[in-house]
Amino acid sequence: MTDGTVVQFTLPIPAAHQVVVVGDFNHWDTRATPLRRTPNGTWRTTVRLNPGAHVYSFVVDGNRWVPDPAAPLAPGSDFGSPNSLVTVAPGAT
Amino acid sequence: MRYAGAVVLGLAVVTVRVDAQANDDRLRGAFDPPTYASLHAVMDSARAAGLPAEPLVDKALEGAAKHASGERIIAVVRDLSARLADARTALGGYGTADELSAGTAALRAGIAPITLADLRRLRHNEQVTIPLAVAAELVARGVRPDSASARVLRLAAAGARDVELAALPHSIASPSVASSVSPPVVGAGEEAASPTSLNGPKAHGVIPAGTTKQKP
């Protein structure tokens, strides 16, 4: 993907050993988008997203699904754990 | 000119076929044969009805990632297919995959079907993905569905662009919205203002996933 907007995902969870972000943008692949731990314990990564609404979640240490505490929850929870919602607007022209 | 058009159309057809094959491969790799067969049947029915398969594939893959049972995943995907059809009906009988997905999310959030129809009428030459996503996000942030609809429709009627609509969730005064002080929705090309936001949950709360940076 060459266009779109780069969105930064962060999760402050110092005790974690591994954090990944999964969502419709990476086909819910739990290996596709790992976050990197910063010195202060916040995990961070960036993903280029197309304009539109995207749902996602963090997976902590391989088995704990954690919605983004800083984003609204997506409507519905089909599989038990709620997802977060981010809306990416197209660039103003 | 006609030749160029044929080339473009040919490329589009190839792209759609490659995407469909990729989706099929993802499903085949994620599910046991009986579940895959059932999901494939649901998606074939959706395609036959003119509905996009991509949202269904993603929903199935979400279920697999969350280790839901095959039975549950099939039921959820079947339900989503029906809801995509409902969204398409509300949108006047047509829509892109993104529009139908956003319409489905809006309906699920409690936005009335008439709002989808009104948005289609107001923006008949433009996509309605962002207005629908914004309506759903407003509800997710605690705004009542009827109020969210009214706000989005008012802006759409005034000719607001997507980027202006997308700022709406962060410009309204509502107790449940007031805590979000930094927009998670940013237009492409905008550089995120990054406050000292990475030092804990409270600070983190001011920049959700929407802290965006457009790479040069």
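Which residue stands opposite Val60(A) in β6(A)? Keep that in mind while we walk through this predicted model, beginning in chain A and finishing in chain B.

**Stop 1: strand β5 of chain A**

Select residues 52-60 of chain A, and you have strand β5. Colour the strand by burial and you'll find it mostly covered, with 8 of its 9 residues buried.

Now bring up its partners one by one. Start with residues 19-23 of chain A, which make up strand β2. β2(A) and β5(A) run antiparallel and are paired over 5 bridges. To see one spot in that pairing, click Val20(A): across from it in β5(A) is Val59(A).

Next, add residues 84-88 of chain A, strand β7. Here too the pairing with β5(A) is antiparallel, over 5 bridges. Pick Val55(A) and look for its bridge partner in β7(A), which is Leu85(A).

**Stop 2: the hairpin**

Go on to residues 64-66 of chain A, strand β6. This strand pairs with β5(A) in the antiparallel sense, over 3 bridges. And here's the answer to the opening question: Val60(A) has Arg64(A) opposite it in β6(A).

Between the two strands of this hairpin there are 3 residues. Select Asp61(A) and check its backbone angles: phi is positive, near 55°.

**Stop 3: Ala30 of chain B**

Time to switch chains. Select residues 2-30 of chain B to light up helix α1, then click Ala30(B), which is part of it. Is this residue buried or exposed? Ala30(B) counts as buried because it has 20 C-beta neighbours inside 10 Å.

What does Ala30(B) touch, once you ignore neighbours within four places in sequence? Show Leu61(B) and Ala64(B), and you have its contacts. Then draw a distance from Ala30(B) to Ala65(B): the C-alpha atoms are 8.7 Å apart, although 35 residues separate the two along the chain.

**Stop 4: the two domains of chain B**

Zoom out and colour chain B in two parts: domain 1 is 25-90 and domain 2 is 94-181. Their C-alpha centres are 26 Å from each other. Where they touch, domain 1 of chain B puts in 10 residues and domain 2 of chain B puts in 12.

Stay on the domain 1 side of that contact. Select α3 (54-65) and α4 (70-90) of chain B, the elements that each give two or more residues to it. The largest share comes from α4(B), with 7 residues. For a last look, colour this side by class: 6 residues are nonpolar, 4 are charged and none are polar.

Key. Residues are numbered from 1 along each chain as its sequence is written. Chains are lettered from A and ligands numbered from 1 in the order in which they are written. This is a predicted model: local features need pLDDT of at least 70, side-chain atom pairs count only at pLDDT 80 or more; totals for chains, interfaces and linings use all residues. Helices (H or I, at least four residues) and strands (E, at least two) are DSSP runs, numbered from the N terminus. A residue is buried if 20 or more other C-beta atoms lie within 10 Å of its own, exposed if 12 or fewer, and partly exposed in between; C-beta atoms are placed from the backbone. Two residues are in contact if their C-beta atoms, placed from the backbone, lie within 7 Å. Two strands pair if DSSP finds at least two bridges between them. Domain bounds come from an automatic or database domain assignment. Ala, Val, Leu, Ile, Met, Phe, Trp, Tyr, Cys and Pro count as nonpolar, Asp, Glu, Lys and Arg as charged, and the others, Gly among them, as polar.
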